[in-house]
Amino acid sequence: MASGRLSVCATPIGNLGDVTVRVLDALRDADLIAAEDTRVTRTLLARYGIETPMRSYHAHNLDSRTPEIVERIGAGERVALVSDAGTPGVSDPGAHLVDACIEADLAVEVLPGPSAIITALVASGLPTHAFYFGGFLPRKAGELRTRLTALADLDATLVFYESPRRTAATLAAIAEVLPGRQACMARELTKMHEEVVRGPVEEVAATLAQRELKGEVVLLVGPPARGERSPLDTDAIRVRLDELAAEGLKRSEAVKRVAEELGARRNDVYRIAHGHE
Ligand code: SAM
């Protein structure tokens, strides 16, 4: 049977009204809905009177569920994939199922709709000519600094997912590595307690340092001002050189890699590696 397909369905990021007619049809017509969290999806289905059977599909069962779903689609079934919020496949296990279906030469269609990234980017008021989505930032302070340093000269608005508990600390790190940038914290978008805080990163960091945040958060950082080039972050370079040495990389290789990763000149990294700075 040739009619089997995976329909990747974008669902609301908070407001249940933000769902397309086409997604509702696909959810209703599917043989099965693969849902990241069936409890979350049940609320959406109940609102629209949809009774399609559901199976959970999340990070902890994707190894066993993926072949099962691929087999069902291969046998002609229509499976709708949904995540907890937004477009499946972005920072959630959905990408794994999409890959597996493409690999098995099965039909995959994407039904567009809400995404926290685009909603936050537009709400931030920061430049949209180019943006970089960095998913969740590293939790370890050294790695966080290294990642931010690597992005310092990118002419694009930076967009990150963040947990409310780490938001203040992450903003403090951004203020340190990328001082003077415009920034934005977008929380609980499309929900009752939606909040968007905009301003210089130092101010946004200071405002939020006082508060205990709840809900879901996107952090954004504006691009560097024209002509601004970040000063050499010797600490970040040292940390990364040490990490690569611990991984067993030869010093010359590590110098080359760090220069590429952090956008620094190879001569500068070489001097730091040899203790001349
Ligand atoms: N695939 C989804 C999408 O398209 O937006 C995102 C999934 S990701 C695992 C979940 C993260 O998205 C949350 O940790 C938060 O950073 C962000 N997020 C989701 N809903 C949000 C909302 N209503 N307001 C702000 N951020 C949100």
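Guide: Domain bounds here come from an automatic or database domain assignment. This is a predicted model, in which local features need pLDDT of at least 70 and side-chain atom pairs count only at pLDDT 80 or more, while totals for chains, interfaces and linings use all residues. Residues are numbered from 1 along each chain as its sequence is written, and side-chain values use heavy atoms, with hydrogens and water left out.

Visitor: How far apart are the centres of domain 1 and domain 3?

Guide: The chain is divided into domain 1 (5-111), domain 2 (116-221) and domain 3 (234-273). Taken over C-alpha atoms, the centres of domain 1 and domain 3 are separated by 43 Å.

Visitor: Which domains each give at least three residues to the shell around the ligand?

Guide: A residue is near the ligand if one of its heavy atoms lies within 4 Å of it. Of the 19 residues around the ligand, those that come nearest are Ile-13, Thr-87, Ala-116, Leu-189 and Val-217. At least three residues of the shell come from each of domain 1 (5-111) and domain 2 (116-221).

Visitor: What share of the ligand's own accessible area does the protein cover?

Guide: Polar contacts, pairs of N or O atoms within 3.5 Å, include one between an oxygen atom of the ligand and a backbone N or O atom of Thr-87, at 2.8 Å. In the side chain of Asp-92, an N or O atom lies 3.4 Å from a nitrogen atom of the ligand. Of the 570 Å² that the ligand has accessible on its own (Shrake-Rupley method, 1.4 Å probe), the protein covers 92%.

Conventions. Polar contact = N/O pair within 3.5 Å; in protein donor to acceptor, adjacent residues only side chain to side chain.
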